[in-house]
Amino acid sequence: MNRIYNIKYTDAYYIDLSYGHNKKLHKTKLSEHEAYGYAEKYGNNIVIAFIKEEKDDRKISDKIKRKEHLIKGIIVPDTSILSKLTSFKRNIFKNIPLGSEVVVNWRDIVIVANQSRYDCSTMYTEGVFFRNEEDHIVLKNPETIRTYPTPVTNHPMEKPLFYVIPKSFIVDISPVNN
Amino acid sequence: MEKNNLKKEREENQIVEIILHDDSNTIKKYKCVGVLMKENEKTLRIGFNAVENVVKDYLDIKKKNIVDIKTINPKEISSLF
(Lines give C-alpha, C1' and ligand atoms only; values in the text may rest on other atoms or scores of the structure.)
Protein backbone atom coordinates (compact mmCIF):
# COMPACT_ATOMS: atom_id res chain seq x y z
CA MET A 1 0.00 0.00 0.00
CA ASN A 2 2.71 2.43 -1.00
CA ARG A 3 1.67 3.69 -4.41
CA ILE A 4 0.15 7.12 -4.55
CA TYR A 5 -3.19 7.29 -6.32
CA ASN A 6 -5.49 10.01 -7.52
CA ILE A 7 -8.99 8.57 -7.50
CA LYS A 8 -12.21 9.99 -8.91
CA TYR A 9 -15.42 8.44 -7.70
CA THR A 10 -19.00 9.23 -6.78
CA ASP A 11 -21.19 8.77 -3.72
CA ALA A 12 -24.82 8.41 -2.69
CA TYR A 13 -26.51 11.34 -0.95
CA TYR A 14 -29.80 12.32 0.55
CA ILE A 15 -31.94 15.42 0.35
CA ASP A 16 -33.27 16.30 3.78
CA LEU A 17 -36.24 18.25 5.09
CA SER A 18 -34.47 21.59 4.71
CA TYR A 19 -35.11 21.30 0.95
CA GLY A 20 -38.81 21.89 1.58
CA HIS A 21 -41.64 19.37 1.66
CA ASN A 22 -43.74 20.68 -1.18
CA LYS A 23 -40.97 21.69 -3.53
CA LYS A 24 -40.58 19.89 -6.84
CA LEU A 25 -37.35 17.94 -6.87
CA HIS A 26 -34.71 19.56 -9.07
CA LYS A 27 -32.75 17.60 -11.67
CA THR A 28 -30.54 15.16 -9.82
CA LYS A 29 -26.99 14.18 -10.72
CA LEU A 30 -24.11 12.39 -9.12
CA SER A 31 -21.30 14.54 -7.80
CA GLU A 32 -17.64 14.08 -8.60
CA HIS A 33 -15.44 13.17 -5.67
CA GLU A 34 -11.68 13.07 -5.81
CA ALA A 35 -9.03 11.86 -3.38
CA TYR A 36 -5.30 11.37 -3.04
CA GLY A 37 -3.91 8.55 -0.98
CA TYR A 38 -2.23 5.17 -0.77
CA ALA A 39 -4.71 2.80 -2.36
CA GLU A 40 -5.21 -0.94 -2.42
CA LYS A 41 -8.03 -3.06 -3.75
CA TYR A 42 -9.44 -5.43 -1.17
CA GLY A 43 -12.15 -7.72 -2.53
CA ASN A 44 -14.69 -5.42 -4.15
CA ASN A 45 -13.55 -2.48 -2.03
CA ILE A 46 -10.90 0.15 -2.70
CA VAL A 47 -9.16 1.26 0.47
CA ILE A 48 -7.61 4.72 0.26
CA ALA A 49 -5.36 5.58 3.19
CA PHE A 50 -4.79 9.30 3.68
CA ILE A 51 -2.40 8.73 6.58
CA LYS A 52 -0.42 5.60 7.38
CA GLU A 53 2.60 4.52 9.32
CA GLU A 54 5.75 5.42 7.45
CA LYS A 55 7.20 1.93 7.18
CA ASP A 56 3.89 0.18 6.74
CA ASP A 57 3.88 -1.76 3.49
CA ARG A 58 1.80 -4.74 4.64
CA LYS A 59 -1.15 -5.94 2.64
CA ILE A 60 -4.65 -5.34 3.97
CA SER A 61 -5.21 -9.05 4.57
CA ASP A 62 -2.23 -8.98 6.98
CA LYS A 63 -3.55 -5.88 8.70
CA ILE A 64 -6.91 -7.55 9.27
CA LYS A 65 -5.25 -10.60 10.79
CA ARG A 66 -3.35 -8.32 13.16
CA LYS A 67 -6.43 -6.13 13.79
CA GLU A 68 -4.40 -3.10 12.78
CA HIS A 69 -6.19 0.20 12.44
CA LEU A 70 -6.58 2.30 9.34
CA ILE A 71 -5.38 5.64 10.70
CA LYS A 72 -7.38 7.84 8.35
CA GLY A 73 -8.91 7.09 4.99
CA ILE A 74 -11.96 6.14 3.01
CA ILE A 75 -13.26 2.87 1.64
CA VAL A 76 -15.23 2.97 -1.59
CA PRO A 77 -16.95 0.26 -3.63
CA ASP A 78 -14.82 -0.64 -6.65
CA THR A 79 -17.88 0.26 -8.74
CA SER A 80 -17.85 3.87 -7.51
CA ILE A 81 -15.03 4.85 -9.87
CA LEU A 82 -16.42 7.38 -12.36
CA SER A 83 -15.54 5.39 -15.45
CA LYS A 84 -17.55 2.44 -14.14
CA LEU A 85 -20.79 4.25 -13.42
CA THR A 86 -22.45 3.71 -16.74
CA SER A 87 -21.01 0.29 -17.37
CA PHE A 88 -23.61 -1.00 -14.90
CA LYS A 89 -26.67 -0.62 -17.09
CA ARG A 90 -28.34 -3.55 -15.52
CA ASN A 91 -31.73 -4.93 -16.29
CA ILE A 92 -32.75 -5.14 -12.65
CA PHE A 93 -34.38 -1.69 -12.89
CA LYS A 94 -36.29 -2.38 -16.10
CA ASN A 95 -39.38 -4.12 -14.77
CA ILE A 96 -39.92 -1.95 -11.72
CA PRO A 97 -42.52 0.77 -12.36
CA LEU A 98 -41.91 4.28 -11.14
CA GLY A 99 -44.08 5.05 -8.13
CA SER A 100 -43.86 1.55 -6.68
CA GLU A 101 -42.52 0.74 -3.22
CA VAL A 102 -39.13 -0.89 -3.42
CA VAL A 103 -36.39 -2.35 -1.28
CA VAL A 104 -32.82 -1.61 -2.28
CA ASN A 105 -29.71 -3.24 -0.90
CA TRP A 106 -26.58 -1.26 -1.67
CA ARG A 107 -22.99 -0.64 -0.63
CA ASP A 108 -21.92 2.68 0.80
CA ILE A 109 -18.67 4.59 1.13
CA VAL A 110 -17.23 4.79 4.62
CA ILE A 111 -14.81 7.25 6.19
CA VAL A 112 -12.50 5.59 8.66
CA ALA A 113 -10.42 7.07 11.46
CA ASN A 114 -8.46 4.76 13.74
CA GLN A 115 -10.57 1.66 13.13
CA SER A 116 -9.74 -1.84 12.04
CA ARG A 117 -12.09 -1.49 9.07
CA TYR A 118 -11.34 -2.29 5.44
CA ASP A 119 -14.71 -2.79 3.74
CA CYS A 120 -17.76 -0.79 2.76
CA SER A 121 -21.00 -0.52 4.70
CA THR A 122 -24.09 -2.39 3.55
CA MET A 123 -27.32 -0.42 3.43
CA TYR A 124 -31.00 -1.34 3.17
CA THR A 125 -33.40 1.31 1.90
CA GLU A 126 -37.18 1.16 1.53
CA GLY A 127 -38.88 3.90 -0.45
CA VAL A 128 -40.84 4.92 -3.51
CA PHE A 129 -39.05 4.39 -6.83
CA PHE A 130 -39.19 8.01 -7.92
CA ARG A 131 -36.62 8.39 -10.71
CA ASN A 132 -34.64 6.06 -12.93
CA GLU A 133 -31.71 7.95 -14.48
CA GLU A 134 -28.84 6.62 -16.53
CA ASP A 135 -26.38 6.33 -13.62
CA HIS A 136 -28.54 6.70 -10.51
CA ILE A 137 -31.97 6.17 -9.01
CA VAL A 138 -33.94 8.41 -6.67
CA LEU A 139 -36.08 7.02 -3.87
CA LYS A 140 -38.77 9.17 -2.27
CA ASN A 141 -39.61 9.01 1.45
CA PRO A 142 -36.75 6.59 2.01
CA GLU A 143 -35.96 4.83 5.24
CA THR A 144 -32.39 3.57 5.32
CA ILE A 145 -30.77 1.16 7.72
CA ARG A 146 -27.11 0.34 7.83
CA THR A 147 -27.09 -3.43 8.14
CA TYR A 148 -23.29 -3.88 8.17
CA PRO A 149 -21.31 -3.41 10.25
CA THR A 150 -23.37 -3.93 13.36
CA PRO A 151 -24.92 -2.37 15.35
CA VAL A 152 -27.72 -1.83 12.87
CA THR A 153 -28.58 1.88 12.74
CA ASN A 154 -30.81 4.26 10.83
CA HIS A 155 -28.94 6.41 8.33
CA PRO A 156 -29.62 9.23 8.55
CA MET A 157 -31.36 9.16 11.91
CA GLU A 158 -34.11 11.46 10.65
CA LYS A 159 -35.87 10.31 7.47
CA PRO A 160 -34.88 12.48 4.49
CA LEU A 161 -37.13 13.42 1.57
CA PHE A 162 -35.10 11.65 -1.11
CA TYR A 163 -32.12 9.35 -1.44
CA VAL A 164 -29.97 9.47 -4.59
CA ILE A 165 -28.14 6.18 -5.08
CA PRO A 166 -25.66 5.40 -7.88
CA LYS A 167 -26.82 2.35 -9.82
CA SER A 168 -23.34 0.88 -9.60
CA PHE A 169 -23.66 0.77 -5.78
CA ILE A 170 -26.82 -1.33 -5.89
CA VAL A 171 -26.63 -5.02 -5.13
CA ASP A 172 -30.33 -5.69 -5.69
CA ILE A 173 -33.69 -3.97 -5.92
CA SER A 174 -37.10 -5.57 -5.55
CA PRO A 175 -40.74 -4.56 -5.04
CA VAL A 176 -42.02 -4.48 -1.47
CA ASN A 177 -44.29 -7.44 -0.81
CA ASN A 178 -47.38 -6.12 0.91
CA MET B 1 -4.19 31.90 -0.39
CA GLU B 2 -6.02 28.70 0.48
CA LYS B 3 -6.62 26.35 -2.39
CA ASN B 4 -9.88 24.50 -2.31
CA ASN B 5 -9.49 22.07 -5.13
CA LEU B 6 -7.45 18.99 -5.81
CA LYS B 7 -6.86 19.23 -9.54
CA LYS B 8 -3.38 17.96 -10.16
CA GLU B 9 -3.56 19.43 -13.64
CA ARG B 10 -3.49 22.89 -12.15
CA GLU B 11 -0.01 24.25 -12.02
CA GLU B 12 -0.48 25.99 -8.70
CA ASN B 13 -1.44 22.79 -6.92
CA GLN B 14 1.42 20.96 -5.33
CA ILE B 15 0.90 17.34 -4.40
CA VAL B 16 3.12 16.64 -1.43
CA GLU B 17 4.08 13.65 0.66
CA ILE B 18 4.88 14.43 4.27
CA ILE B 19 6.64 12.30 6.86
CA LEU B 20 5.58 13.38 10.31
CA HIS B 21 5.28 12.39 13.91
CA ASP B 22 2.55 13.40 16.32
CA ASP B 23 2.82 15.46 19.48
CA SER B 24 2.87 12.49 21.81
CA ASN B 25 5.30 10.17 20.10
CA THR B 26 8.51 11.20 18.45
CA ILE B 27 9.58 7.64 17.57
CA LYS B 28 6.67 6.45 15.46
CA LYS B 29 6.49 8.20 12.11
CA TYR B 30 3.56 8.54 9.75
CA LYS B 31 3.20 9.62 6.18
CA CYS B 32 0.43 11.24 4.22
CA VAL B 33 -0.16 12.56 0.73
CA GLY B 34 -2.39 15.31 -0.60
CA VAL B 35 -2.62 18.82 -1.94
CA LEU B 36 -0.75 21.56 -0.12
CA MET B 37 -3.59 23.97 0.61
CA LYS B 38 -2.05 26.67 2.75
CA GLU B 39 0.94 27.43 4.87
CA ASN B 40 1.63 29.86 7.67
CA GLU B 41 4.42 30.36 10.14
CA LYS B 42 3.67 27.34 12.32
CA THR B 43 1.44 25.01 10.33
CA LEU B 44 0.56 23.79 6.90
CA ARG B 45 -2.68 22.30 5.65
CA ILE B 46 -2.88 19.28 3.39
CA GLY B 47 -6.12 18.32 1.63
CA PHE B 48 -7.01 14.68 1.06
CA ASN B 49 -10.33 14.65 -0.77
CA ALA B 50 -12.88 16.93 -2.35
CA VAL B 51 -16.46 16.98 -3.58
CA GLU B 52 -16.93 19.02 -6.77
CA ASN B 53 -13.49 20.50 -6.06
CA VAL B 54 -14.28 21.63 -2.52
CA VAL B 55 -11.98 19.98 0.00
CA LYS B 56 -13.75 17.90 2.65
CA ASP B 57 -11.02 16.20 4.66
CA TYR B 58 -7.74 17.86 5.50
CA LEU B 59 -5.05 17.85 8.12
CA ASP B 60 -3.33 20.80 9.75
CA ILE B 61 0.22 19.76 10.54
CA LYS B 62 2.51 21.58 12.94
CA LYS B 63 5.75 22.33 11.17
CA LYS B 64 7.69 21.18 14.23
CA ASN B 65 6.24 17.70 13.67
CA ILE B 66 7.33 17.44 10.04
CA VAL B 67 10.30 15.18 9.47
CA ASP B 68 10.37 15.46 5.68
CA ILE B 69 8.29 16.87 2.87
CA LYS B 70 8.63 16.28 -0.83
CA THR B 71 6.73 17.44 -3.86
CA ILE B 72 5.32 14.56 -5.88
CA ASN B 73 5.77 14.67 -9.62
CA PRO B 74 2.34 14.05 -11.20
CA LYS B 75 3.96 11.28 -13.24
CA GLU B 76 4.48 9.35 -10.00
CA ILE B 77 0.75 9.38 -9.30
CA SER B 78 -1.37 6.53 -10.56
CA SER B 79 -4.86 7.40 -11.70
CA LEU B 80 -8.01 5.50 -10.93
CA PHE B 81 -10.87 7.22 -12.70
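Chain A and chain B bury about 2,700 Å² between them, and carbon and sulfur atoms account for 56% of that area. I should state at once that we are looking at a predicted model. As a reminder on the choice of quantity, the size of an interface is often given as the accessible area lost when the parts come together.

Which residues of chain A supply the most buried area of any three? They are A:Ile4, A:Tyr36 and A:Glu54, which supply 28% of the area that chain A buries against chain B. In terms of residue counts, the contact takes 30 residues from chain A and 30 residues from chain B.

Let me turn to the polar side of this interface. Between chain A and chain B, 12 residue pairs are in polar contact, both partners being at pLDDT 80 or more. The rule also finds three salt bridges across the interface. One of these pairs B:Asp57 with A:Lys72, and their closest N and O atoms are 3.9 Å apart. On the chain A side, four strands each supply at least two residues that touch chain B, namely β1 (4–9), β3 (33–42), β4 (45–53) and β5.

Next, chain B taken by itself. Its secondary structure comes to six strands and zero helices, and along the sequence the pattern reads β-β-β-β-β-β. Chain B has 81 residues, of which 42% count as buried. Considering contacts in chain B between residues at least 6 apart in sequence, 43% join residues at least 24 apart. The area that chain B exposes is about 4,800 Å², with 47% of it supplied by carbon and sulfur atoms.

I now come to one position in chain A, A:Ser80. Where does A:Ser80 lie? This residue is in the loop between β5 (70–77) and β6 (101–108) of chain A. A:Ser80 is nevertheless buried, with a relative accessible area of 0%. Beyond its neighbours within four places in sequence, A:Ser80 is in contact with A:Lys8, A:Tyr9 and A:Thr10, and also with A:Leu85, A:Ser168 and A:Phe169.

Finally, the cysteines. A disulfide is a covalent bond between the sulfur atoms of two cysteines. How many disulfides does the structure hold over all chains? The count is zero. As for individual cysteines, A:Cys120 counts as buried at 4% relative accessibility, and B:Cys32 is buried with a relative accessible area of 0%.

Methods. Residues numbered from 1 in each chain as written. Chains lettered and ligands numbered in written order. Predicted model: local features only at pLDDT ≥ 70, side-chain atom pairs only at ≥ 80, totals over all residues. Heavy atoms only, no water. Buried < 20%, exposed > 50% of the residue type's maximum accessible area, 1.4 Å probe, protein only. Contact = heavy atoms within 4.5 Å. Areas by Shrake-Rupley, 256 points an atom, 1.4 Å probe, with all protein chains shown as cover. Disulfide = S-S within 2.5 Å. Buried area = accessible area lost by both parts, 1.4 Å probe. Salt bridge = Lys/Arg side-chain N within 4 Å of Asp/Glu carboxyl O. Polar contact = N/O pair within 3.5 Å; in protein donor to acceptor, adjacent residues only side chain to side chain.
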